[in-house]
Structure formats: C-alpha cells, structure tokens
Amino acid sequence: MHVPSCSSRLSERRAPTALSPMVLLLGACKGPMSALAPAGKDAERIAILFWWMAGGSALVWLAVMMLAIYAIRSRRHDRRKTYLFVIGGGAVFPFVVLTVLLAFGLSQVPALLAEGESEAPNITVIGEQWWWRVRYRWPDGTGFETANELRVPVHQRITLRLRSRDVIHSFWVPSLAGKVDLIPGRTNSLSLEPTRTGTYRGICAEYCGASHAKMMFHLVVLEQPEFEKWVQQQRTEARAPDRKSEGARLFRKHGCGACHTVRGTSASGSVGPDLTHVGSREALGAGVLANDEAGFRTWLTSVHQLKPEVHMPHFSILPSSDLDVLTRYLEHLQ
Ligand code: CUA
C-alpha cells in the first residue's frame, strides 16, 4: 500500500490552493459561457472593447504607479515640475485616455444595435419565474413554442424579441452577445450573429427571485440544413404512438395537462413549458438536470429542492410505478 509522506501530502494540499486563482482566470477565458471566447459578431466586438478597456486601465495604472514612485523617491520638488505632473498626469493624461476609450466604445454601438434583415422566423423569448418560453413564428402565422432552448442558423443576423411575464429578467449568452433586460409591459430586442456552430449556455443576469441562479438555457447554433430539419421536427405534433399510451393516460389523470401542452394530445395548458418535444431538449428544468429518465424522475419528486418557490407542485406522492411510466413517457416526447 502506498502511504504518501507528510511533505508530499502537504504539497498536494498546497498545490490546488496556489493554482486555483490561475486555473480560475484561465478557465474563464474559454468554455460555453465565456465572453472572451466569442462565437458571434457582437461578442467579438464586446471582447475587443474589453481588451481596449483593460489596456487603457493598465496604462493609467502604470502611469499612476510611476508617478507615485517618483514622488516618494525625489526629495526636492521644484514648483514648475510639480505643476506639470499635477496638470499633465492628473488631468491631461486621464482625459486623453478616457476620451479615446469613450470614442472607441461609442463607435461600436451602432453595429451592436443593428437588427437582422429577415423576420423569418420571428423569435420571441419570454422570461418567467424561472424559465424561458421561446416562440418561433413565421409570417404565415404558423410556428411552435419550446422552452429553455433556442436554435438558430449560423452566419445569419437574428433579432430576438424579449418580454417578461412577471418580473425583470435579463437574457445573456456571453459567447454570442451582450445582455438585455426583459421588462414586464415592454418588448426589447437583442440581435445576434453566430459565427461558429455549437451549443452555448445562457443565463438570467438580473436577480428575479429565489431561483434566479437556476434560470439557465441553451442556445444551439446549427448549419442552415440542420436548422431547417430541427424546425420541421419541432412543427410536428408529439409522436403518435404515445398518444394513447399508459404514460399519456397518467399525464392526463394527474392533471399535468392543466399547465403543460403536448401538441397532438388533449394536454393544452399554457402555464408551464410546452412539453411536445421535451425529450429532445439539451437539459431539464432550465438547465438544472440532465435530460434522461433519471432527470425527469428527480424533477417530478424533488422540484422544490431543485428550484425553491417554483410554481409547479411536486409529485413525490405518486406510486413509484406511475413515476416510472410518466418519466418514460416524457423522455419519449422527442
Ligand atoms: Cu430571471 Cu434572474
């Protein structure tokens, strides 16, 4: 049996402590939620702006430090030089640096506000405590609703309409664009233009109640043909074989249809997320659980532990056999 020596145990313990700030700093630069690893035109502009601001701040900090060192070291200060330092270093230098940064920052605004040319599809995101209702609509009036997930084609500028049904939320996918608030009673917009395919994570960036930190979503960027395929699949009703299944019967019996819609069945509630294709989504409960049978079961029995103050009742009172059938039914709603 290998017994680590005292010193090796100590160094093992010290290493993560010393490394952690570095790991945290480097870890923040990539991943599906990093503003510094842009996957969209707007995020690229914001990242460039960040580096300009960081550079400008570093320049000001260096100048101030040099002046401080000079002030401490030099014994005698002649009056002319003192004035030069106060006016030059205290007024002219910051004025020039801040003006350049402000001008650069403002020059980026029109491009960030530019809206997409095509209105097809028209995508509306509605923030609710604590999930995202997503509506896709075409000019002919057809469309579908999904939840906690957006899919968009790559290299197209898309303008999202943002609304809220209760309190202020904030829509933010750091890899793709800046954040915009969803405010009750008004419609805001946010444009994004993905440059890379992939799955990116978004989050609510405005405190909106007990489960604010559990209000995540996925934004999936697809090539145009894959996007069209996904749209076709989303437009269809829930898979036919499941309509008369035991799962569908229990879904009705336990009243799930009062809050949720499963298109193609009698379930047509609109309080909670549309579950027509819930099994095909990236995650469950707005990014809280993995999308599999175990995830559905955990959601049904422990929803209040997972998401404090959520409106959905928990179903831990159901017999285990009913839970098995229900979770299988939900997971098969692909
Ligand atoms: Cu919604 Cu925070």
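Is Phe 171 buried or exposed? Phe 171 counts as buried, because its relative accessibility is 0% and buried means under 20%. Keep in mind that this is a predicted model. The tour below starts with the aromatic rings, moves on to the pockets and cavities, and ends with one loop residue.

**Aromatic rings**

- Phe 171 has an aromatic partner, Trp 132, and the two rings meet edge-to-face.
- Their centres are 5.7 Å apart, with an angle of 85° between the planes.
- This pair links distant parts of the chain: Trp 132 belongs to strand β2 (residues 131-137), while Phe 171 belongs to strand β6 (residues 169-172).
- In sequence, Trp 132 and Phe 171 are 39 residues apart.
- Trp 132 is buried too, with a relative accessible area of 1%.
- In total, the count comes to 13 aromatic pairs.
- Look also for a cluster in which ring pairs link Tyr 136, Trp 138, Phe 144, Phe 227 and Trp 230.

**Charges over rings**

- One member of that cluster, Trp 138, has the charged end of Arg 235 sitting over its ring, 4.3 Å from the ring centre.
- At Trp 172, the charged end of Lys 179 sits over the ring, at 4.2 Å from its centre.

**The largest pocket**

- Rolling a probe the size of a water molecule over the atoms reveals where space is left empty.
- The largest pocket has a volume of about 670 Å³.
- Its lining is made up of 34 residues, and those nearest the pocket centre are His 260, Gly 272, Pro 273, Trp 299 and Met 312.
- Two elements, β11 (283-284) and α6 (293-306), give two or more residues to this lining.
- The largest share comes from α6, which supplies three residues.
- Sorted by type, the lining of the largest pocket holds 21 nonpolar, eight polar and five charged residues.

**The second largest pocket**

- The second largest pocket has a volume of about 200 Å³.
- Of the 13 residues that line this pocket, Leu 112, Leu 113, Val 180, Ser 189 and Leu 190 lie nearest its centre.
- At least two lining residues come from each of α2 (41-73), α3 (79-113) and β8 (188-192).
- With three residues, β8 provides the largest share of the lining of the second largest pocket.
- By type, the lining of the second largest pocket has six nonpolar, four polar and three charged residues.

**Cavities**

- How many cavities of 30 Å³ or more does a search of the whole structure find? The search finds three.
- The largest cavity holds about 50 Å³ of space.
- Its lining consists of Ser 118, Ala 120, Pro 121, Gln 156, Arg 157, Ile 158 and Thr 159.
- Three of these lining residues are nonpolar, three are polar and one is charged.

**A residue in a loop**

- Where is Glu 193 placed? You will find Glu 193 in the loop between β8 and β9 (198-204).
- Even in a loop, Glu 193 counts as buried, because its relative accessibility is 18% and the cut-off for buried is under 20%.
- Leaving aside residues up to four places away in sequence, Glu 193 touches Gly 40, Lys 41, Asp 42, Gln 156 and Arg 157.
- Two of these contacts may look familiar: Gln 156 and Arg 157 touch Glu 193, and both also line the largest cavity.

Definitions and conventions. Residues are numbered from 1 along each chain as its sequence is written. This is a predicted model: local features need pLDDT of at least 70, side-chain atom pairs count only at pLDDT 80 or more; totals for chains, interfaces and linings use all residues. Side-chain values use heavy atoms; hydrogens and water are left out. Rings of Phe, Tyr and Trp (its six-membered ring) pair if their centres lie within 6.5 Å; planes under 30 degrees apart count as stacked, over 60 as edge-to-face and the rest as tilted. Helices (H or I, at least four residues) and strands (E, at least two) are DSSP runs, numbered from the N terminus. Buried means under 20% relative accessible area, exposed over 50%, partly exposed in between (1.4 Å probe, protein chains only). A charge sits over a ring if NZ of Lys or CZ of Arg is within 6 Å of the ring centre and within 35 degrees of the ring normal. On a 1 Å grid over the protein atoms alone, a cavity is a set of points where a 1.4 Å probe fits but cannot get out, and a pocket is an open set with protein on both sides within 12 Å along at least five of seven lines; lining residues have an atom within 4 Å of a point. Grid points are joined across faces, edges and corners, and a volume is the space filled by probe spheres set on the points. Ala, Val, Leu, Ile, Met, Phe, Trp, Tyr, Cys and Pro count as nonpolar, Asp, Glu, Lys and Arg as charged, and the others, Gly among them, as polar. Contact means heavy atoms within 4.5 Å.
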